[in-house]
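Biologist: I'd like to learn how to read a model like this one. Can you walk me through it, feature by feature?

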There are 2 protein chains.
Amino acid sequence: METLNAAELLAALGHESRLAIFRLLVEAGPAGVNASAIGEQLGMAPATLSFHLAHLSRVGLIAGERESRFIHYSANFGTMDELIAFLTSNCCQGEACLPKTTCCDTTEKRRAKTGKTA
Amino acid sequence: METLNAAELLAALGHESRLAIFRLLVEAGPAGVNASAIGEQLGMAPATLSFHLAHLSRVGLIAGERESRFIHYSANFGTMDELIAFLTSNCCQGEACLPKTTCCDTTEKRRAKTGKTA
DNA sequence: CAACAAATTCAACAATTATTGAATTCCATT
DNA sequence: AATGGAATTCAATAATTGTTGAATTTGTTG
């Protein structure tokens, strides 16, 4: 990932409303949440919500899929993955400096659950 | 970490110049880099650079320490750690969805090097 | 097809953020 | 204490981004 692209993703998440939307979708998982339900939970006006959803979609952090009258939005975990990889890459010329990321702890927990080693 | 605080950090990183500064400092490691050297490497005017350094400092992503006439700036890895932890927490109600973060790969590599298991 | 609900788009305005030349502060050296 | 370099602050301006009511599109249902 290039710096310009990563900056776009970070800027998209760097707004309280958009971050709240994204976190909601991350916690909701692949099933997704429809726009009006998001607006209701976060107390956002429809037009404002659409503006932020469009922004997050444009940069590829979320995606919407129409299902009858509703549009279900869900987080794009792959994009998030790439962003975190970019942020932590080439850290400290290979020296240990990020020893306790919860990201890794979470992976540990997942392994403990599933029994898989990779 | 709260959403508001995380959004501030992400917004700080969500600007191409500031992200470039931060990445430079992450790669430089704890030793840090002085302001004019940063400006030279990234081709930024002094006043512009100061503005962005102040922003990154204010939110706690970097810190500057004076050494004679120079001010050495370095990345605050702890803050970065917390941010990544926030972004990846409560993901998908505990289901696996971020299986291949380089963050974790890097931890693996580090363990392979040091021989430590935690 | 008329009525309604979900969601977006539009347009106008408000608010915030970024850039930069000039002035200033801080420190070391002579 | 004067010179000069590192870095910041200031002030004015430029540019971008966010908000929202009203209008519009899209799809469902009576």
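Biologist: Which elements of chain A have the lowest and the highest mean pLDDT?

Modeller: This is a predicted model, and pLDDT is the predictor's confidence in each residue. In chain A, helix 6 (residues 102-114) sits at the bottom with a mean of 37, while helix 4 is at the top with 97. Over the chain as a whole, the mean is 82, and 77% of residues reach 70 or more.

Biologist: And where in chain A does pLDDT stay under 50?

Modeller: Over residues 99-118 of chain A. The model still has 26 contacts beyond four places in sequence for that stretch.

Biologist: Let's turn to the DNA. Which residues are closest to strand D?

Modeller: Start with everything within 4 Å of the strand. For DNA strand D that gives 20 residues, and the closest are Arg18(A), His52(A), Ser36(B), Ser50(B) and Tyr73(B). Then ask which part of the DNA is being approached: sugar and phosphate make up 73% of the strand D atoms that come within 4 Å of the protein.

Biologist: What lies by the phosphate oxygens of strand D?

Modeller: An N or O atom in the side chain of Ser50(B) is 2.5 Å from one, and a polar side-chain atom of Tyr73(B) is 2.2 Å from a phosphate oxygen. Ala35(B) uses its backbone instead, with an N or O atom 3.4 Å away. Stepping back to elements, those giving two or more residues to this surface are helix 4 (46-58) of chain A, plus helix 3 (35-42), helix 4 (46-58) and strand 3 (70-75) of chain B.

Biologist: How many residues surround strand C?

Modeller: DNA strand C has 21 around it, with Ser36(A), Ser50(A), Tyr73(A), Arg18(B) and His52(B) the closest. Here sugar and phosphate account for 75% of the strand's atoms within 4 Å of the protein. Helix 4 of chain B contributes the most to this surface, five residues. One of its polar contacts puts a side-chain atom of His52(B) 2.6 Å from a phosphate oxygen, and a polar backbone atom of Ile71(A) is 3.0 Å from a phosphate oxygen too. By residue type, the surface splits into nine nonpolar, eight polar and four charged.

Biologist: Last one: which residues have the most contacts inside the largest nonpolar core?

Modeller: Look for buried nonpolar residues joined through their side chains. The largest such core has 61 residues, and the best-connected are Leu13, Ile38 and Leu61 of chain A and Leu13, Ile38 and Leu61 of chain B. Helix 2 (residues 16-28) of chain A supplies the largest share, seven residues. Ile38(B) touches residues including Ile21(B), Leu49(B) and Tyr73(B).

Technical notes: Residues are numbered from 1 along each chain as its sequence is written. Chains are lettered from A and ligands numbered from 1 in the order in which they are written. This is a predicted model: local features need pLDDT of at least 70, side-chain atom pairs count only at pLDDT 80 or more; totals for chains, interfaces and linings use all residues. Side-chain values use heavy atoms; hydrogens and water are left out. A polar contact is a pair of N or O atoms within 3.5 Å; within protein, one must be able to donate a hydrogen and the other to accept it, and residues adjacent in sequence count only if both atoms are side-chain atoms. Helices (H or I, at least four residues) and strands (E, at least two) are DSSP runs, numbered from the N terminus. pLDDT is the predictor's confidence in each residue, from 0 to 100. Contact means heavy atoms within 4.5 Å. A nonpolar core is a set of buried Ala, Val, Leu, Ile, Met, Phe, Trp, Tyr and Cys residues joined through side-chain atoms within 4.5 Å. Buried means under 20% relative accessible area, exposed over 50%, partly exposed in between (1.4 Å probe, protein chains only). Ala, Val, Leu, Ile, Met, Phe, Trp, Tyr, Cys and Pro count as nonpolar, Asp, Glu, Lys and Arg as charged, and the others, Gly among them, as polar.
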